[in-house]
Amino acid sequence: MSLTADPPACTVPAAGGTSVHKLVNGGAEKMIFKIKSSNNNEYRITPVFGFVDPSGSKDLTITRTAGAPKEDKLVIHFAVAPADATDAQAAFAAVTPAGTVTIPMSATA
């Protein structure tokens, strides 16, 4: 059971910008995830909750609004998805995260 991010790091201009990443499920089970950010004031993440099918991927968009250059991070908590889950946000509350993926984010001048 594993979830990885491609690319594994995010660099965007401090003046604002967007970076697209793929969450890749290398396993044989459907995964559920929740994303947390160390800077919710300057970053918007889409989606925050979701599913990744077995051997599949899910696009993740990181958008930064203008702000001072600094280092931040995203932490993606993941677990095997319940078999009957259709609402990722509701279902994630019922699982215990099995692992994390961290994406370092760098806003450059």
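Phe-49 counts as partly exposed, because its relative accessibility is 23% and the buried class stops under 20%. Keep in mind that this is a predicted model. Phe-92 comes out on the other side of that cut-off: at 8% relative accessibility, it counts as buried.

Why put these two side by side? Search the whole structure for aromatic pairs and you find 1. That pair is made by Phe-49 and Phe-92, which meet edge-to-face, with 6.3 Å from centre to centre and 65° between the planes. Now look at where the two rings come from. Phe-49 belongs to strand 6 (residues 49-52), while Phe-92 belongs to helix 1 (residues 88-92), so the pair ties together parts that are 43 residues apart in sequence.

There's another ring to look at while you're here. Find Phe-51, and you'll see the charged end of Lys-30 sitting over its ring, 4.4 Å from the ring's centre.

Next, move to strand 8, which covers residues 71-80. Is this strand largely enclosed or open? Of its 10 residues, 7 are buried, so strand 8 is largely enclosed by the rest of the structure. You can also trace the strands it pairs with. Strand 4 (residues 31-37) runs antiparallel to strand 8, and 7 bridges join them. To find your place in that pairing, look for Ile-32, which stands opposite Ala-79 of strand 8. Strand 8 is also joined to strand 9 (residues 99-108), this time by 8 bridges, and these two run antiparallel as well. Here a handy landmark is Ile-76, standing opposite Val-101 in strand 9.

Finally, follow the chain into the loop between strand 4 and strand 5 (43-46), where you'll meet Asn-39. Is Asn-39 buried or exposed? Its relative accessible area is 7%, so Asn-39 is buried. What does its side chain reach? One of its polar atoms lies 3.2 Å from the backbone nitrogen of Asn-41. The side chain of Asn-39 also makes a polar contact of 3.2 Å with the side chain of Asp-72. If you leave aside the neighbours within four places in sequence, Asn-39 is in contact with Lys-70 and Asp-72. That brings you back to strand 8, whose residues run 71-80.

Terms used. Residues are numbered from 1 along each chain as its sequence is written. This is a predicted model: local features need pLDDT of at least 70, side-chain atom pairs count only at pLDDT 80 or more; totals for chains, interfaces and linings use all residues. Side-chain values use heavy atoms; hydrogens and water are left out. Buried means under 20% relative accessible area, exposed over 50%, partly exposed in between (1.4 Å probe, protein chains only). Helices (H or I, at least four residues) and strands (E, at least two) are DSSP runs, numbered from the N terminus. Two strands pair if DSSP finds at least two bridges between them. Rings of Phe, Tyr and Trp (its six-membered ring) pair if their centres lie within 6.5 Å; planes under 30 degrees apart count as stacked, over 60 as edge-to-face and the rest as tilted. A charge sits over a ring if NZ of Lys or CZ of Arg is within 6 Å of the ring centre and within 35 degrees of the ring normal. A polar contact is a pair of N or O atoms within 3.5 Å; within protein, one must be able to donate a hydrogen and the other to accept it, and residues adjacent in sequence count only if both atoms are side-chain atoms. Contact means heavy atoms within 4.5 Å.
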